[in-house]
Amino acid sequence: MTDITNTAGNDLKNYAYNILKERLINCTYAPGSILNEAHLTSEMKLSRTPVREAVSRLETEGFVKVIPKKGIHVTDILLSDVLQIFQIRTEFEPTILRLSASRLPKDELLYFIQRFENPDPDDTVMDRIRLDTAMHLFIIEHCGNRYMVDIMHRVYDISSRIIFFIHQNHAAVHDDSGENLEILRLLLDRDQETATEKMRVHMEHCRMAALNYFYTVPDGEAPVKTYRDKLYKKTGNGSASV
């Protein structure tokens, strides 16, 4: 017999976790800031228990650190994070693309091609970042290796946070729509080897664009604005949802 109370409790914990994680990834809660548990519970209209358990889970994932008698510290985004995340992406994503190439549904490939060929004129830079994320996760989720998928979802949580942070600090974000479109067309043509090489080049361009911000922004001159958009808003019919 199902324990209704326990099920409801788990739903609230998951709800709190998902909301807080999204806000941390989108930098609604700015890196380096201090959050107050009472404020979070009031904001989400929840009791302390699901919020506290969600925060504990997010602490194990490295998004926050609970500091006794002070609050919940949102972890900073460091140059070392950029170096390590893009090291993983540069090494893994060409291999993942090769594994996924024969498994990608043609209709979804065509969907992403259409999105990049005919961008919505109302799309913001943030919308384009979300579309890029969805396209990469679409390839990753068809690689046939669930362990790799799990790892790369974690990597993309951090990668997305880095890119949102850079954009919110008024830095230029690498416009990779042309590179993405080229990769997708090669995959549609079943030119796996060229697509793999193009992905390798694309990853290097993304890495250099991210590093450029961290090497050039002066200390103390990175004000963070807040955004509350959904991570995958405007990415279409849900084909690449997490």
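## Exercises on a predicted 242-residue model

The structure holds zero disulfides, a disulfide being a pair of cysteine sulfur atoms within 2.5 Å. This is a predicted model, in which local features need pLDDT of at least 70 and side-chain atom pairs count only at pLDDT 80 or more, while totals for chains, interfaces and linings use all residues. Residues are numbered from 1 along each chain as its sequence is written, and side-chain values use heavy atoms, with hydrogens and water left out.

### Exercise 1: the elements and the sheet

Task: establish which secondary-structure elements the protein has and how its strands are arranged.

Solution. Begin with the inventory, taking helices (H or I, at least four residues) and strands (E, at least two) as DSSP runs numbered from the N terminus. The protein has nine helices and three strands, and from the N terminus on they follow the order α-β-α-α-β-β-α-α-α-α-α-α.

Next, assemble the sheet, counting two strands as paired if DSSP finds at least two bridges between them. The three strands form an open, antiparallel sheet in the order β1-β3-β2, in which β1 (34–35) and β2 (64–67) are the edge strands, each pairing on one side only.

Then trace the register. Four bridges join β2 to the antiparallel strand β3 (residues 71–74); here isoleucine 67 stands opposite glycine 71, and valine 66 stands opposite isoleucine 72. On the other side, two bridges join β1 to β3, again antiparallel, with isoleucine 34 opposite histidine 73.

Finally, inspect the turn: the hairpin of β2 and β3 has three residues between the strands, and lysine 69 takes a positive phi near 65 degrees in this hairpin.

### Exercise 2: helix α7

Task: determine whether helix α7 is largely enclosed or open to its surroundings, and check its length.

Solution. For the length, the expected span of a helix is 1.5 Å times one less than its number of residues. The 23 residues of α7 (residues 146–168) should therefore span 33 Å, and the end C-alpha atoms are 33 Å apart, which agrees.

For the surroundings, call a residue buried under 20% relative accessible area, exposed over 50%, and partly exposed in between (1.4 Å probe, protein chains only). Because 18 of the 23 residues of α7 are buried, the helix is largely enclosed by the rest of the structure.

At the N-terminal end, asparagine 145 caps α7, with a side-chain oxygen 3.0 Å from the backbone nitrogen of tyrosine 147.

### Exercise 3: the cysteines

Task: locate cysteine 27 and describe the burial of cysteines 27, 143 and 206.

Solution. Cysteine 27 is found in the loop between α1 (4–25) and β1, and is buried, with a relative accessible area of 0%. Its C-alpha atom lies 9.9 Å from that of isoleucine 163, although the two residues are 136 residues apart along the chain. Cysteine 143 is buried at 3%, and cysteine 206 is buried at 10%.

### Exercise 4: confidence and contacts

Task: identify where the pLDDT is below 50, and describe the contacts of the whole chain.

Solution. Start from the average: pLDDT, the predictor's confidence in each residue from 0 to 100, averages 85 for the protein, and 83% of the residues score at least 70. Over residues 219–232, however, the pLDDT is below 50, and this stretch has 38 contacts in the model beyond near neighbours in sequence, where contact means heavy atoms within 4.5 Å. The pLDDT also stays under 50 over residues 234–242, for which the model has 26 contacts beyond four places in sequence.

For the whole protein, among contacts between residues at least 6 apart in sequence, 79% join residues at least 24 apart, and buried residues make up 46% of the 242 residues.

How values were computed: Polar contact = N/O pair within 3.5 Å; in protein donor to acceptor, adjacent residues only side chain to side chain.
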